[in-house]
Amino acid sequence: MSTPEFVLALREKIGQELLWMPGVTAFVLDPARTRLLAVRRRDNGAWTPVTGIIDPGEQPASAAAREVLEEAGVTCRVLRLVEVRALPPTTHANGDRAQYLDLCFLAEHTGGDPYPADDENSEARWFPLDRPPPLNERFSEQLELVLADRPEARFHR
């Protein structure tokens with residue numbers, strides 16, 4: 001599902017005005033920590049970790065695990081919060097404006113083989129950690145934090 005029902009209901013009231021949204025990014029590693037799960041976005045062809053919107057009342061770590069299952073068809077156990085950052089405002093292809101608070105998590109794969117489980121992605125697969133897919137600056141920075149394996153979360157400044 002691309003746009004959650006609660007967002008569609010809000011958009012009926014506010015149109016395309018800027019909407020502040022809580023979101024998650026999930027960096028899923030295999031148990032040996034040698035591979036990274038990535039998905040290829042259908043809208044722009046970019047490889048990314050799994051991302052998504054937190055539903056009202058949903059716990060952020062639960063949202064990360066849910067998004068991994070919905071987008072890549074695999075289960076995972078969320079291990080820790082890696083980073084918190086506000087993303088810049090964006091305008092989606094349909095003209096809707098949004099700004100996301102991103103909660104980035106490290107998770108460990110617990111079951112299933114990745115596949116594009118919804119209409120948001122065209123591919124889902126494992127990449128060796130020493131040869132990750134091409135990632136944008138934000139995701140590259142977050143992957144560095146994941147690999148640094150520090151126990152505390154970073155608060156982006």
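The exercises below work through the cores, cysteines and charged pairs of one predicted model.

Residues are numbered from 1 along each chain as its sequence is written, and side-chain values use heavy atoms, with hydrogens and water left out. Since the model is predicted, local features need pLDDT of at least 70 and side-chain atom pairs count only at pLDDT 80 or more, whereas totals for chains, interfaces and linings use all residues.

**Exercise 1. Describe the largest nonpolar core and state which elements supply it.**

Solution. Start with the term: a nonpolar core is a set of buried Ala, Val, Leu, Ile, Met, Phe, Trp, Tyr and Cys residues joined through side-chain atoms within 4.5 Å, where buried means under 20% relative accessible area, exposed over 50%, and partly exposed in between (1.4 Å probe, protein chains only). The largest such core has 19 residues, and those touching the most other members are Val 24, Val 28, Leu 37, Val 68 and Ala 72. Next, assign elements, which are DSSP runs numbered from the N terminus (helices H or I, at least four residues; strands E, at least two). At least two core residues come from each of strand 1 (19-29), strand 2 (35-41), helix 2 (60-72), strand 5 (75-86), strand 7 (97-111) and strand 8 (121-128). Helix 2 gives the most, with 4 residues. Finally, take Val 68 as an example: leaving aside residues up to four places away in sequence, its contacts (heavy atoms within 4.5 Å) include Ala 26, Val 28, Leu 37 and Cys 76. A second, separate core of 12 residues includes Cys 104, Leu 106, Leu 129 and Leu 135.

**Exercise 2. Explain why Cys 104 is not bonded to Cys 76.**

Solution. A disulfide is defined here as a pair of cysteine sulfur atoms within 2.5 Å, and a search of the whole structure finds 0 of them. For Cys 104, the closest cysteine sulfur is that of Cys 76, and because the two lie 12 Å apart, they are too far from each other for a bond. As for their surroundings, Cys 76 counts as buried at 13% relative accessibility, and Cys 104 is buried with a relative accessible area of 0%.

**Exercise 3. Characterise the environment of Arg 80 in strand 5.**

Solution. First, the accessibility of Arg 80 is 15%, so this residue counts as buried. Second, its side chain reaches the backbone oxygen of Arg 150 at 2.9 Å. Third, not counting residues up to four places away in sequence, Arg 80 touches several residues, among them Cys 104, Phe 105, Leu 106, Asp 149 and Glu 152.

**Exercise 4. Compare three salt bridges by their closest N and O atoms and by burial.**

Solution. A salt bridge is a side-chain nitrogen of Lys or Arg within 4 Å of a carboxyl oxygen of Asp or Glu, and the whole structure holds 19. In the pair Asp 30 and Arg 35, the closest atoms are 3.3 Å apart; Asp 30 is buried at 6%, while Arg 35 is partly exposed at 34%. In the pair Asp 55 and Arg 66, the separation is 3.7 Å. Asp 55 lies in the loop between strand 4 (50-53) and helix 2, and Arg 66 in helix 2, so this pair ties together parts that are 11 residues apart in sequence. Asp 55 is partly exposed at 27%, whereas Arg 66 is buried at 19%. Both belong to a network of salt bridges that also links Glu 58, Glu 67 and Glu 70. Lastly, Arg 85 and Glu 83 approach to 3.0 Å, with Arg 85 buried at 8% and Glu 83 buried at 0%.

Terms used: Polar contact = N/O pair within 3.5 Å; in protein donor to acceptor, adjacent residues only side chain to side chain.
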